[in-house]
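Please read the following walk-through with the sequence and the coordinates open beside it. The account begins with a term, then goes from one chain to the interface and on to single residues.

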There are 2 protein chains.
Amino acid sequence: VVTDVASVKEEMVSLLDPMCRDAGCAFVGAHPIAGSEDTGAAAADATLFRDGRCILTPTAASDAKALAAVRALWEGVGMRVEQMDAGMHDRILARVSHAPHVVAYALAAAVGEARVGMHPVSSYAGSGLRDTTRIAGSSATLWRGIALANREGVLEALAEFETRLRLLTELIRRGDEAALEEAFAEARDYRKGLIRS
Amino acid sequence: VVTDVASVKEEMVSLLDPMCRDAGCAFVGAHPIAGSEDTGAAAADATLFRDGRCILTPTAASDAKALAAVRALWEGVGMRVEQMDAGMHDRILARVSHAPHVVAYALAAAVGEARVGMHPVSSYAGSGLRDTTRIAGSSATLWRGIALANREGVLEALAEFETRLRLLTELIRRGDEAALEEAFAEARDYRKGLIRS
């Protein structure tokens, strides 16, 4: 049984599924949604997977026993396992993870190079900006690969984000107090939904 | 001696400085850069100000004794105090705090309402998105006020962010591996600078 832990699944599955079958073994794609901006053995965390979500992306041709084995592996380290189509996985992850990484990189770069008069502004950052840009501390090589492997999904998700950002920008430009407060409040409710889930 | 703790200083100083002088007291504007997305007495934190930065925004006409008293107040709770022009304060804070809040609200709203097929995507959010959108949990009323009181600075900072985001988006669209990795790596270095400061 061959499996993987990649963050983008469609390309992986379409390459490895037939390749493994030809080699006489069974492939089941998996994405344990867990991790941090750190890399390497020193960043190991024994509780990393506990209560996280793991998505398996079997195809119609996947071997049932292999699927059960991979499911048991991830349930064994405490993850909640579910299955979905690889393409759907990629479109969802583009929105909840891949595009937000690009946003965080853009924000870190914009603040990092901003100057007001002679002052580099970055030394005035508070805990809010540190959290907002935490994932911009992630490996550039890894995330370049993810962004390009899921290019279509990432571009769609970035376009959705930009639409929202422009709406807020326009309300600020117009000085529309009521509509801006309503838009912020709606975003705040969505944010509270992210914590609960 | 009258002081304040508002996140936007130019409007505050230009209103309160002459008003206090007319009333026979001295005004010194202050912004202790500390806080969280929570509000109310239950969110009190005895260590909130320790090692944080506090910006005082005296004018040429400010009373020296009043300035010393306000400085002593904030140093007394452990803050590093510095002084600058109110307008410069507002342009810096637009970049490190106010615009990032708008970005976080936009991201929370975009993800919160995104669906892929029938699935709301928000239930697949990991810890990265939770951190990235934490400040979108902040009071909508407070941040509507801040965004509009510092409108010009916020719009400038959002434009700088959008320029960066479009650059990254274009590199993803073109599939330019080398340039994208370099841009992510540069952002990552800036992010590391934010942690150190």
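A residue is called buried under 20% relative accessible area, exposed over 50%, and partly exposed in between, with a 1.4 Å probe and protein chains only. By that scale Glu10(B) is partly exposed, at a relative accessible area of 45%. The model is a predicted one, in which local features need pLDDT of at least 70 and side-chain atom pairs count only at pLDDT 80 or more, while totals for chains, interfaces and linings use all residues. Residues are numbered from 1 along each chain as its sequence is written, chains are lettered from A and ligands numbered from 1 in the order in which they are written, and side-chain values use heavy atoms, with hydrogens and water left out.

Chain A comes first. Its secondary structure consists of 7 helices and 7 strands, where helices (H or I, at least four residues) and strands (E, at least two) are DSSP runs numbered from the N terminus. Read from the N terminus, the order of elements in chain A is β-α-β-β-β-α-β-α-β-β-α-α-α-α. Along the principal axes, the C-alpha atoms of chain A fill a box of roughly 65 × 35 × 30 Å. Of the 197 residues in chain A, 51% are buried. Contact means heavy atoms within 4.5 Å. Among the contacts of chain A with a separation of 6 or more, 73% join residues 24 or more positions apart.

The surface of chain A can be described by area and by charge. Chain A exposes about 8900 Å², and carbon and sulfur atoms supply 53% of that area; accessible areas come from the Shrake-Rupley method with a 1.4 Å probe, and for residues only the protein chains shown count as cover. Chain A carries 22 positive and 27 negative charges, and the mean positions of the two sets are 3 Å apart. Here Lys and Arg count as positive and Asp and Glu as negative, without His and the chain ends. Each charge is placed at NZ of Lys, CZ of Arg, CG of Asp or CD of Glu.

How much area is buried between chain B and chain A? The figure is about 8000 Å², of which carbon and sulfur atoms give 68%; buried area is the accessible area (1.4 Å probe) that two parts lose on being put together, summed over both. In chain B, Tyr124(B), Arg191(B) and Leu194(B) lose the most area to chain A, together 10% of what that side buries. By contacts, 81 residues of chain B meet 81 residues of chain A.

Helix H6 of chain A covers residues 151-174, and its 24 residues reach 34 Å from first C-alpha to last, close to the 34 Å expected at 1.5 Å a residue. The expected span is 1.5 Å times one less than the number of residues. Gly175(A) follows H6(A) with a positive phi near 70°. In chain B, H6(B) likewise has 24 residues and reaches 34 Å, and Gly175(B), just after H6(B), takes a positive phi of about 70°.

Arg164(B) lies in helix H6 of chain B. Is this residue, Arg164(B), buried or exposed? Arg164(B) counts as buried because its relative accessible area is 11%. Beyond its neighbours within four places in sequence, Arg164(B) is in contact with Ala106(A), Ala109(A), Ala110(A), Glu113(A) and Glu186(B). Another residue that touches chain A is Asp131(B), in helix H4 (residues 127-132) of chain B. Asp131(B) is partly exposed at 23%, and touches Asp131(A), Thr132(A) and Arg134(A), residues up to four places away in sequence not being counted.

Within chain B, Glu10(B) belongs to helix H1 (residues 10-22). With residues up to four places away in sequence set aside, Glu10(B) touches Ala86(B), Gly87(B) and Asp90(B). Thr57(B) sits in the loop between S4 and helix H2 (64-76) of chain B, and is buried because its relative accessibility is 2%. Its contacts, apart from neighbours within four places in sequence, include Lys9(B), Met84(B), Ala86(B) and His89(B).

A last point concerns backbone angles. Most residues other than glycine have a negative phi. In Asp51(A), however, phi is positive, near 65°. Asp51(A) is placed in the loop between strand S3 (30-33) and strand S4 (53-56) of chain A, and is exposed at 58% relative accessible area.
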